[in-house]
Structure formats: C-alpha cells, structure tokens
Amino acid sequence: MAHSKHIVVVGASAGGIEALRTLVAALPDDYPAPVCVVMHTGPQSPGVLDAILTRAGTLPALHPKNGERMKAGRIYVAPPDCHLVIEPGLVRVTKGPRENRFRPAIDPLFRSAAQVYGPNAIGVILTGSLDDGTAGLWTVKQLGGTAIVQDPAEALFPSMPLSAIEHVNVDYVLPLAEIGPLLVKLTAAPVEAAPADVPEGLNVEVKIAMEHNPIDAGVEQLGQPSIFACPDCHGVLLELKEGNRSRFRCHTGHAYSVASLLAAVDDAMEDSLWNAIRSFEEAQMLMTRVAEHLQTSHGGSDAQELLDRAAEARRQSDVLRKLVTEREPTPTQG
C-alpha cells in the first residue's frame, strides 16, 4: 500500500485502553499513515500504553523522541506528563502548560494536526470524561479535516463523545468496530491541498504547546480578560470564543474548557474546606493543650475560657466536615 499524506490523531480518556486496543487491532500492517494517540494519564503513570497497543494489533506503537520523524504505519503515543505536538513530518514531545488539567492533553495534538495537515487531518474522539478534544476536533473541522466520534451509546464514559457531537459538525458517529475500517478507507483517498491561511490564534496556541513563552507567542490576542482566575497559577483567564462555546487561557498558558474549569474550581472548593477543617482542628488541639498547662500550673478562669473556645472550634470543624462529606460535586458535563 502506498504511503498516504494523511494523519490520524486519536484522543481518549477514561475507558480508553480497551477502546484503543479495539481501534488499532483493525488497522492493517501496511497502514499508509502515521497515527498519533493521546490518552489522559497521570504524571507518575508507568507509561506502558505503547506496549499494550503494540500487542493489540500489527502496527508498532512507541513513545517518540522529541523531533522524531514520523513514518507511515507507526502509532506514536504521548508519554506521561508530555504533550504530543506535530510539525511537518515530525512529532514533538513537549512540557507545555497543562490544558483541561492534563498533560498530555488531546487539544494540542489535534490543533497541531489541523495546522500542518489541514483537510488531510483525521481526528478521532473516543470514550472519556468531560470534554478534552472538543476544541481540537472543532479546529480540525475548521481547516477542512475529518471528524470521527465513537458512538456515545457504547462508550464506557460518553462525556467526551457527547461534547464533541454537541459542539462540532462531526462527519461520522460510529461504534468502535466500524472506526478502524473507516480509517483505512479515508487514508486511501486522494489528499487535498492544505489551506493557505491558518488562523493566527491557532498558530499562537500551537506555539504555547511547543513551550514558547505565551506572551511572546501572542496569547493576549486570543481573547478578552474574564473575571475568573486560573486554578493552576491564579492569573487572569482570557475568554476565547469558539463557535457556540467559550473556553479560557491564562497568560502562563494553562487552558480550560468550561467543563474542566468547573471541575478545577470544584476541586479547589473541596481543598479549601479541608484546609479550613485542619485549621479549626489545629486551633482546638492547641487551645486544649495550653488550657491543660494553665490548669496544672496556674488554675483559674483563663484555662476554662480556652477550653470553651476549643469546644467552639471543634463544633465549627464538625459543621465543615459534615458539609464537605455531604456536598455533591458541581455538574461538569461539557
């Protein structure tokens, strides 16, 4: 099979290992295009997805080196704690700012594929929580590429597919078993000329993922300052309009969809409540300890006053503990 000028980029999150195994198992050993994969992992992940995908099918999967030249019939998997970003003919492994609370994130890969390959980029969104990948898939479509989404009805975690379907004019919504054969068909089609004009905002965001200083890259051009602070660095978030949705990016480069921002704020609220509980409990223990010392050495009303204040601190701590253990998470459907 002749080499194709297409590229396939795939994003997955929760439930993604089995979905990716099924997808790559359907690709033939002479597949004519490179495949780039981002699955959300923690920084301390053992990084074995490449080995899992190699065993799942006939194509070799690997964690690429920064600047490695891409080859047809290879699956390039984002290493833990690194974005995967595409340049013409090359794949970059970077430590750019987290997007949607993740590194690797799906959006940087999809944006860079759209920037370089235009209508010859094929984006695939699989199972996952929240909505990482929606903005990147939207960009793939804006530059003429093809958007494919796993049928949410069969996805273990349907939030990512549902978000993509809601906000992107997707070309195909298919069960996993049909996505691999479709990718074979699409990459056998003639390539189209890449668009001459790439939006400057897209260039800026790819530069940020490529570790450029966001201010030097032009982040301030992307949107208007909002009233919200970045959960990562506490800088002002710029609000970006994209189709019928908003997303956010700070001057440091961290990026959020509305859903991921809500999730981050929800985490911050819980952290604040636990910190308040700790403060009240530490105060209660300290006042009790001092009161015991006063009773032993001095006696008198000072000790009783401290014991009363310690009891009040314990009461307030118990109220907060009940609040934090009974509160429901903020809805974050993208």
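Start by selecting helix α2 (residues 49–56), where the buried residues are L49, D50, I52 and L53. Here buried means under 20% relative accessible area, exposed over 50% and partly exposed in between (1.4 Å probe, protein chains only); helices (H or I, at least four residues) and strands (E, at least two) are DSSP runs, numbered from the N terminus.

Before going on: this is a predicted model, with local features needing pLDDT of at least 70 and side-chain atom pairs 80 or more, while totals for chains, interfaces and linings use all residues. Residues are numbered from 1 along each chain as its sequence is written, and side-chain values use heavy atoms, leaving out hydrogens and water.

Now look down the axis of α2: its buried residues fall within an arc of 160° (directions from the helix axis to the C-beta atoms), so they line one face of the helix. Add α1 (16–25), β2 (35–39), β3 (61–62) and β5 (75–77), which those residues pack against.

Next, pick C36, L84, I86 and L137, the residues with the most contacts (heavy atoms within 4.5 Å) inside the largest nonpolar core, which has 34 residues. Such a core is a set of buried Ala, Val, Leu, Ile, Met, Phe, Trp, Tyr and Cys residues joined through side-chain atoms within 4.5 Å. Helix α3 (residues 106–117) gives the largest share, six residues. For a separate core of 29 residues, try L27, A33, M39 and L59, which are among its members.

Last stop: F228 and F248, whose ring centres are 5.8 Å apart with planes at 85°, so the pair is edge-to-face (centres within 6.5 Å, planes over 60 degrees apart). F228 is partly exposed at 41% relative accessibility, whereas F248 is buried at 5%.

Definitions and conventions. Phe/Tyr/Trp six-rings, centres within 6.5 Å; stacked < 30°, edge-to-face > 60°.
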